[in-house]
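Let's take a look inside a protein model, starting with an enclosed space and then moving on to a sheet. Have the structure open as you read.

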Amino acid sequence: MSSDRALSVAIVGCGQMGRKPAINCQHIEGVSIVAVADVDIGRAEALAAEVRAVPYSRFDELIEHVAPDALIVTTPPTERLHIVEAATSKKIAVFVEKPIALDLSTAKKMCHAAHEASIINAVGFQLRYSPLTQHAKTLISGRRVTHVRTATTTDYYLKMDMPPWFLQRRLSGGPLLEQSLHVFDAARYLIGDITEVTGRGDRLIRPDLAQFDSEDTMVLAYRFGNGALGTHIDSCAMGEFNWEVELFGTDWRLLVDYARKCLRGHVNGKAVQLEATEDETHMQEMGAFLGAVRHRKNDGVLSDFANATKTLAVMLAGDRSLRTGVWEPVNE
């Protein structure tokens, strides 16, 4: 592939998470959206009209008629494996939204397909690309982290304005896999691998909604391979949105507040205050992926299939602990 040739991109899944990368691709020089697909043809046609692409109602129709350089997959996690395997069989680079899958077996099949085809691959963990994360990583380099606090809160059970499948475990995996894995992944990126997790969850709000089976309130504790200890709170019934990773050392402290786009704390006796004026992490993430596709090097991708599978393993351990009530090992 010539480094100056325009890249062709196709998108499968034309909901909110499909529209975002489509718009971002339009702002990246030398990139063209050529096709989109969705089981809801109306959504596919609407996005196709917006980005000047060809709409399809089925992925197999798209892949039969179009050979893009890269495929962006934003379907529900349960509908990805056959798409990834079909794309990799044609040597098409693949970007999938998080989580990579809802179980390790499926995730490993996707990793195997990408490895065997030697294709560029990435998973949507945009917090790794945030300047807040990057600055925090620089500040803690060489320092011992003793404690970590993570938090995720949404208003799903209050406003009910999200896609219903977000709160249905068989489709989303529950809140840990649908939302909390973002901050756990950021913590893994900053500190290192997590080895065990324990937790407790409950339905305290709207237990009358029988069609949903996701917990609305959870607490977890976890341990890193380097010995650091972590605590996490998760709520799907809080009016204020929060994504936080707070890091502690013996004489320093940093809070990465993604919801308010700021990093604050103190290191070496000096106050730290950094504001991110605009949230461009999705754009940076997509730019890194497509840059890797153009240059045929995965170096700029901060979360590939294999790394995303490690984050999935952490969340699955936490989910198991919600049922067993004991410390669960992170099995990879």
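This model has one cavity of 30 Å³ or more. A cavity here is a set of points on a 1 Å grid, over the protein atoms alone, where a 1.4 Å probe fits but can't get out, and lining residues have an atom within 4 Å of a point. The largest cavity holds about 50 Å³ of space, counted as the space filled by probe spheres set on the points. Keep in mind that the model is predicted: local features need pLDDT of at least 70, side-chain atom pairs count only at 80 or more, and totals for chains, interfaces and linings use all residues. Residues are numbered from 1 along each chain, and side-chain values use heavy atoms, without hydrogens or water.

So who lines the largest cavity? Among the residues are Met17, Lys20, Phe95 and His282. These elements give two or more residues each:

| Element | Residues |
|---|---|
| α1 | 16-26 |
| β5 | 93-97 |
| α10 | 281-295 |

α1 gives the most, with four residues. Helices (H or I, at least four residues) and strands (E, at least two) are DSSP runs.

Now for the sheet. Six strands form an open sheet in the order β3-β2-β1-β4-β5-β6, with parallel pairing; two strands pair if DSSP finds at least two bridges between them. At the edges sit β3 (54-56) and β6 (121-124), each pairing on one side only. Between β1 (residues 7-12) and β2 (residues 31-37) there are six bridges, and Ala10 stands opposite Ala35 in β2.

Notes:
1 Å grid on protein atoms, 1.4 Å probe; cavity = no way out; pocket = protein on both sides within 12 Å on 5 of 7 lines; lining within 4 Å.
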